Amino acid sequence: MTTEQAILNGIAVFLTLCIFSFLYRDNPFYKFAERLVAGIATGYWTMLLYHTNFTDKVLTPIFVRGQLHYIIPALLGVLMWTRFSKKYAWLSRYSIAFYIGISSGVTITVTLYTFLFKQLQATIGMPITADYAGFNTFLIVLAVVSALVYFFFSLPHKGAVGTVSRIGIYVIMIGFGAGFGMTVMGRIALLVQRVIFINDYVRGLVAFIGGS
Amino acid sequence: MSFLEKMMLIDRRWIYLSIGLAVIIPVVVSFEVPVSVSPEVRKIYDFVESLNAGDYLFIAVDYDPSSMAELNPMAEAVLNQAFAKNLKVIIVTLAQFGPGMVEDLTTRLASAHNRVRGEDYVFLGYRPYPAITIMLMGINFRVPFPVDHYSVPLDSMPMMRDVRNFSDVKAVIDFTAGNTADFWITYGVGRFDFPLAIGITGVMAADYYQYLQSGQIFGIIPGVKGAAEYEELVGFPGKGKEQMAYQVIAHSVIIAFILISNIAYFATRKQKQQLGGGR
C-alpha cells in the first residue's frame, strides 16, 4: 500500500462508515456522505453529458466539421426550452411530436416482437412430453394461464375459475419469493463487498505502518 | 412479556447488528463454500470457450459503483477468460458511471494478460440513451463511436479495421444493473438478432429467466452466486467465490430471524385468539 492509497482508501472507508451509521439513526456524518455522493454524481454526470452529447453532437459537427444539417436537431432541442415561456410554449410541441413520432415508430414493432410475440411463441410452441422437460413445460403453461386468470376480473373467482385463480396466486407468490431471495443476496453482497474492502484496508494499513 | 412477544417487537437495529456481526465471522474464520454450476451460467462459459483466438466478443459494462459488488466479479471472470483465450474484446458502457468501471477492469486485467489497447481490446466509451446507441451500433460502431473513449479513431486501430457492427462479433455479453438488459433484448436482439447473454444483479434475476426459456438470450449469470459459479468454471478465485462464505453466514442469520418471527407470530396469534382478541 502506498501513502496515496492509504489516504484515498482511508477516505473511502470513512465515507462507508458514515453511510452505515444511518442504520442506527440519521446523523450529520450520514448527511455529509449522502450529499457528497449526490453532489459528485450530479457534477460528473452533467459534464459527461456535455462532452458526450453536446460537444460531440452539436458543437463539433456544426462548428468544426461544418455539417450544417446538425442545426435541425439542435434547433428542435432548443425549442424544448420554450416550455418555460407561456407565450412560446407551443413551439415545443414540434420537438415533442418529432420525438414521440420517431420513438413510437421504432419502439412499437420491436416491443411487440420482443415482449409479446417471442414470449407467446416460446410458451405455445413447447411440446408437452412424458419426461422431465415435458413436465417443466406443463408447469410453465399452468403457471402462465393461472397467473393470467388471477388478474381476469370479468368472471367471479368461484368454482373452476376460483381454483385456477388460487393456483395463480401461489405462482405469483413463488415468483415474489424467488425475487425476494435474490434481492436479499444482492443486498448482502453490497454489505459484504464493503466489509471485504474495509478488512483489506485495515490489513494493508497495518502492514504499511509496520513496514514503514 | 415472553421471549416470543419480545421477538415480535424487536428493534430493527438488533437485526442490523446481528447481520453486521455475522458477516465479520468469515473475516476471522475463513472457509470456502462449494459452488455448484447451473446450466444457464455454464452455457455462457461453454460458448466463450468454444470461440477461437482472434474471434470478436462484445462486452457491455452497464453498471456503476452501486452494483459493482455483484457485477464486477462476473465481468472480471468473463474478461479473464476472454483475454486468456486471446479473443478480441470490444467494450462499451451505456451506464453514466460505467467508464470508471471499465477502466478499472481493463487496466488490471489487460496488464495481467499482456493485452494491448487497440490491438487486443477496445473501449468504445459511453453514450447516453441506450436504445438509440444500440441501434446505431447495429448499423456501424463508428456512428455513435467514431473515436474510442480515449479519442483514438476506430479506423486507426488494427483490431477494428474489419469490424463494422454486431454481425462481426460472435456474441454480446451485457453486465447490467438496470433496465439496459431490456434495451439489449429489444433493440439489439429484436432488430439485429445476435447471440446475447446477460450478467445481472440478484434483484433482476427472476424477471429475466423467461428470455432464457424463449431463446432470446443464451445464458444468464445471476447475481454474486452466478459470478462465483463462473469463477469456478474459469478457475479464477475472485471476489464472487470469496463472497459466498459471507453470504452463507448472513443468509443463515436471516433465515433464523424469519423462522423465529414466524413462530412468534403464530404463537402470539394463537394466544390472542384464545383470549378472544385476535383476528
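In which sense do strand E1 (residues 56-62) of chain B and E2(B) pair, and over how many bridges? The two strands pair in the parallel sense over 5 bridges, where pairing requires at least two bridges found by DSSP. Strands (E, at least two residues) and helices (H or I, at least four) are DSSP runs numbered from the N terminus. The model is predicted, so that local features need pLDDT of at least 70 and side-chain atom pairs count only at pLDDT 80 or more, whereas totals for chains, interfaces and linings use all residues. Residues are numbered from 1 along each chain as its sequence is written, and chains are lettered from A and ligands numbered from 1 in the order in which they are written.

Within the E1(B)-E2(B) pair, Leu57(B) stands opposite Val89(B). The connection from E1(B) to E2(B) passes through H5(B) as a right-handed β-α-β crossover; right-handed denotes a clockwise path from the first strand over the helix to the second, with the strands pointing away from the viewer. E2(B) is also joined by 5 bridges to strand E3 (residues 121-126) of chain B, in parallel, with Val89(B) opposite Tyr121(B). The crossover from E2(B) to E3(B), through helix H6 (residues 98-112) of chain B, is right-handed.

Strand E2 (residues 88-93) of chain B is largely enclosed by the rest of the structure, because 6 of its 6 residues are buried. A residue is buried if 20 or more other C-beta atoms, placed from the backbone, lie within 10 Å of its own C-beta atom. Lys88(B), Ile90(B) and Val92(B) point one way from E2(B), and Val89(B), Ile91(B) and Thr93(B) the other way.

The largest nonpolar core (buried Ala, Val, Leu, Ile, Met, Phe, Trp, Tyr and Cys residues joined through C-beta atoms within 7 Å) has 81 residues, of which Leu57(B), Ile59(B), Val78(B) and Ile91(B) touch the most other members. Helix H5 (residues 68-84) of chain B gives the most to this core, with 9 residues. At least three core residues come from each of domain 1 (3-30 + 244-275) and domain 2 (39-237) of chain B, the bounds being from an automatic or database domain assignment. The centres of these domains, taken over C-alpha atoms, are separated by 39 Å. Beyond its neighbours within four places in sequence, Leu57(B) is in contact (C-beta atoms, placed from the backbone, within 7 Å) with residues including Val48(B), Ala82(B), Val89(B) and Ile173(B).

Between the chains, 36 residues of chain B are in contact with 31 residues of chain A.

Terms used
Buried ≥ 20, exposed ≤ 12 C-beta atoms within 10 Å, placed from the backbone. Contact = placed C-beta atoms within 7 Å.
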